[in-house]
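Open the model beside the text and follow along. We will move from charged pairs to a helix, a strand and a surface patch, and finish with the chain as a whole.

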Amino acid sequence: YGSVFAGKAVYKDIYNDVLHVATKPLGVFRGRPLFIAFDFGNTPACLIAQLTPQGQLRILRELQCERGGLKQFVSDAVKPMLAELFPGMPVTVGGDPAGRQKSQADDELSCFGMLENLGLPGTPAPTNDLLPRRQAVIDRLVRMTGDQPALIIDPSCKLLRRGFLGGYKFDRVQVSGEKRYRDEPAKNRFSHLHDCCQYLCLLVDAVRREQALVVPPAPQPTWA
């Protein structure tokens, strides 16, 4: 699955297309919740994923709207996919912290407010800084869960995969001498789903930390 892109891939020498893409469609654990991570703006996008009992993050589907608003995207694409492929499964939703601003949706609602009205209430990611977002993805790319990678992608997620292969990149700065690149990834057709991927990893990590803090109830005494 070859791709050639100018610039420097954001996950150069970290992502492995053979290791991190499943050879066949990934199965679904019906008894476990889904995670949905959104990127908003003029090109709304989302990733649908699941965490296995062993801790592997499986990215099951990608969705991106080239032309259209968030309401149309969720109503016409996201919710029908959930109903068709993942009926009745609980979801945990997160996404771009900028989605708290009312101006991204309309004069009345923020993007997260609109998601809630559409039946998908969510939580903003804890940060929009690139360094922790990128690191959350790297932490999974370099880790194994048993004999499996800690992050694996369904083969249907072609745009996300092409982004990992170099479409999601740092543009080169046009200066003489040593090669230099911009500090922020280029905004292009691949960046929206990769923003989703970063928010997804942050969301999953936050949920797992919360679960680890839950203290199990003390055993109740029994009487003979």
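## Charged pairs, from the surface inwards

Asp171 and Lys169 form a salt bridge through their side chains, with 3.7 Å from N to O. This is a predicted model. The two partners differ in burial. Asp171 has a relative accessible area of 28%, so it is partly exposed. Lys169 has a relative accessible area of 16% and is therefore buried, since the cut-off for that class is under 20%.

Move next to Lys187 and Asp195. Their side chains also meet in a salt bridge, at 3.3 Å from N to O. Lys187 is exposed because its relative accessibility is 67%, and that class begins over 50%. Asp195 is at 5%, so it counts as buried. The pair belongs to a network of salt bridges that also takes in Arg133.

A further bridge lies between Asp17 and Arg161, whose side chains meet at 2.6 Å from N to O. This pair links distant parts of the chain, for Asp17 sits in helix H1 (residues 17-20) and Arg161 in helix H5, 144 residues apart. Both Asp17 and Arg161 are buried. In total, the model has 5 salt bridges.

Arg161 leads us to its helix. Where does H5 lie, enclosed or open? Helix H5 spans residues 158-167, and 7 of its 10 residues are buried, so it is largely enclosed by the rest of the structure. The buried set consists of Leu159, Leu160, Arg161, Gly163, Phe164, Gly166 and Gly167. Leucine and phenylalanine side chains are on this list, and so is the arginine that pairs with Asp17.

Now turn to another arginine, Arg61. Its place is in strand S4, which covers residues 57-64. Is Arg61 buried, partly exposed or exposed? At 22% relative accessibility it counts as partly exposed, because buried would require under 20%. Which residues does Arg61 touch beyond those up to four places away in sequence? They are Cys46, Leu47, Ile48, Met81, Leu85, Phe86, Asp154, Ser156 and Cys157. Leu47 deserves a second look. It stands 14 residues from Arg61 along the chain, yet their C-alpha atoms are separated by 5.9 Å.

The surface holds a charged feature too. Lys8, Lys12, Arg172 and Lys179 gather there in a patch of positive charge. Lys8 is placed in strand S1, residues 8-9. With a relative accessible area of 37%, Lys8 is partly exposed. That value also passes the patch cut-off of over 30%, so Lys8 can be counted as a member.

Step back to the whole chain. Its secondary structure comes to 6 helices and 12 strands. Of the 224 residues, 47% count as buried. Contacts reach far along the sequence. Among those between residues at least 6 apart, 70% join residues at least 24 apart. The chain exposes about 12,300 Å², and carbon and sulfur atoms supply 51% of that area.

Return to the view with these points in hand. Find H5 and its buried residues. Trace Arg161 across to Asp17 in H1. Then go to S4 for Arg61, and end at the positive patch that includes Lys8.

Definitions and conventions: Residues are numbered from 1 along each chain as its sequence is written. This is a predicted model: local features need pLDDT of at least 70, side-chain atom pairs count only at pLDDT 80 or more; totals for chains, interfaces and linings use all residues. Side-chain values use heavy atoms; hydrogens and water are left out. Helices (H or I, at least four residues) and strands (E, at least two) are DSSP runs, numbered from the N terminus. Buried means under 20% relative accessible area, exposed over 50%, partly exposed in between (1.4 Å probe, protein chains only). Contact means heavy atoms within 4.5 Å. Patches are made of residues with over 30% relative accessible area and no salt bridge: like charges are joined within 9 Å, nonpolar side chains (Val, Leu, Ile, Met, Phe, Trp, Tyr) within 5 Å. Accessible areas come from the Shrake-Rupley method with a 1.4 Å probe; for residues, only the protein chains shown count as cover. A salt bridge is a side-chain nitrogen of Lys or Arg within 4 Å of a carboxyl oxygen of Asp or Glu. Lys and Arg count as positive and Asp and Glu as negative; His and the chain ends are not counted. The place of a charge is taken as NZ of Lys, CZ of Arg, CG of Asp or CD of Glu.
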